[in-house]
Amino acid sequence: MTAGFLATIPSPPQGVWYVGPIAVRAYAVCIIVGIVVAVWWGNRRFTARGGRPGRVTDIAVFAVPFGIIGGRLYHVITDHQLYFGDGRNPWNAFAVWNGGLGIWGAIALGAVGAWIGCRYYKVPLSAFADAVAPGIVVAQAVGRLGNWFNQELFGSASDLPWALEVYLRTPDGVAGQIPAGSTCEFPTEYVKASPEVLCGTFQPTFLYELLWNLAVAAVVVWADQRFRLGGGRAFALYVAGYTLGRTWIELLRIDPANEFLGLRINVFTSVIVFLGAVLFLVLRRHVPREDPALVWGGRDGVRPDGDRPDDHQAGPTAVAGAATPVETAAETAAETAGNRTPEEDQDPHRG
């Protein structure tokens, strides 16, 4: 590395490590960590809103596989030239570990899986979506670290202090000739060439999106606490915030992508989804947060007997020991009878 690049962001030397015959890929690890964070945080938020502890994990069993399939389908459909045609291996369409998950397909098909899970556990889909919204966008931020290890999703050449160093990578680590017009994007099993061949420094769009996603998560949490968002509005706010940032970040990227009217397809998708999310927020601006009794999500569709809205954060143990409405009424009647005087008991017109 020369002195001129000391202030830049370094590129990881490789994106995969081998433990015996098992390949541990940074991209896959980042995706898994992101999912764990989203489910963990979603569980905490769902419980705080009156939901049953662990229910988000149950629904995630449906949503996550659907989301991964949907994300891959969107990527393969919109970038089909990478997998089909002369000299292409169509089986690579299944190689998710090499990168390539479209967030649009992941959210769309993941929502179908979440809907199935919510139907099964009798949980309002809107309540589930609002609970997991900030966790999802944080998961997206973690996933962008996988793009850093894959040395992909960078922008045009730049000499900014935070520009990303991009190196040539070869299968055996031996430097080769850089193909004409190459952007130095190679599969993740390749390692940095030795001696190092620096392709240049580029806009770190993966980092821009990572930071933007964390900011969106903070805004969603703040707005949810300030305005008690319900009816899917917290999720819609996440969608609007994410797509707003994705629009300008997408315009900076130089990786190959299909275009329409001179713009990347993802730009059009971002704008359309953003407008839809804003319209949703406007139309449902007065929708209150769901009743905790409906959020619980027991298999019978109701919360345990005797649970009161004020008790929903105490958890199932406290709920199990709560007095039922009948018991409360009986105790009130007994207390009233105990406070009556003999004269009041004898006078049928009093009390």
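Let me begin with a term: a residue is called buried when its relative accessible area is under 20%, computed with a 1.4 Å probe on protein chains only. With that in place, consider a first example from this predicted model. E250 and R253 are both buried, and their side chains meet in a salt bridge, at 3.3 Å from N to O.

Before going further, a word on confidence. The protein chain has an average pLDDT of 81, and 74% of the residues score at least 70. Two stretches call for caution. Over residues 305–338 the pLDDT stays under 50, and the model has 24 contacts there beyond four places in sequence. Over residues 341–351 the pLDDT likewise stays under 50, with five contacts beyond four places in sequence. Where pLDDT is low, the predicted coordinates should not be read in detail. I shall therefore leave these two stretches aside, as their pLDDT is under 50.

I turn now to helix α5. Helix α5 runs over residues 205–227, which is 23 residues. From its first C-alpha to its last it reaches 32 Å, close to the 33 Å expected at 1.5 Å a residue. After the helix comes R228, whose phi is positive, near 50 degrees.

Which residues of α5 are buried? They are T205, F206, Y208, E209, L210, N213, V216, A217, V220, V221, A223 and D224. An α-helix has 3.6 residues a turn, so residues three or four places apart point the same way. The list for α5 includes N213, V216, A217, V220, V221 and D224. What covers the buried residues of α5 includes α1 (26–48), α4 (125–149), β3 (164–167) and α6 (233–250).

Next, the salt bridges. The structure holds nine of them. One is formed by D130 and R49, whose closest N and O atoms are 4.0 Å apart. This pair links distant parts of the chain: D130 belongs to helix α4, R49 to the loop between α1 and α2 (55–78), and the two are 81 residues apart. Are these two partners buried or exposed? D130 is buried, its relative accessible area being 0%, and R49 is buried as well, at 7%.

A second salt bridge brings us back to α5. The side chains of R289 and D224 meet at 2.7 Å, N to O. Here too distant parts of the chain are linked, with R289 in the loop between α7 (265–283) and α8 (292–295), D224 in helix α5, and their positions 65 residues apart. D224 has a relative accessible area of 3%, under the 20% cut-off, and therefore counts as buried. The two bridges belong together: R45, R49, D130, D224 and R289 are linked in a network of salt bridges.

Finally, the aromatic residues. The count comes to 14 aromatic pairs. One of them joins W212 and W248 edge-to-face, at 6.0 Å centre to centre and with 75 degrees between the planes. W212 lies in helix α5 and W248 in helix α6, so that the pair links distant parts of the chain, 36 residues apart. How accessible is W212? At 26% relative accessibility, W212 counts as partly exposed; W248 is also partly exposed, with a relative accessible area of 38%. There is, in addition, an aromatic cluster formed by W17, W148, F149 and F206. F206, a member of that cluster, is also among the buried residues of α5.

Key. Residues numbered from 1 in each chain as written. Predicted model: local features only at pLDDT ≥ 70, side-chain atom pairs only at ≥ 80, totals over all residues. Heavy atoms only, no water. Helix = DSSP H or I, 4+ residues; strand = E, 2+ residues; numbered from the N terminus. Expected span 1.5 Å × (residues − 1). Buried < 20%, exposed > 50% of the residue type's maximum accessible area, 1.4 Å probe, protein only. Contact = heavy atoms within 4.5 Å. Phe/Tyr/Trp six-rings, centres within 6.5 Å; stacked < 30°, edge-to-face > 60°. pLDDT = per-residue confidence, 0-100.
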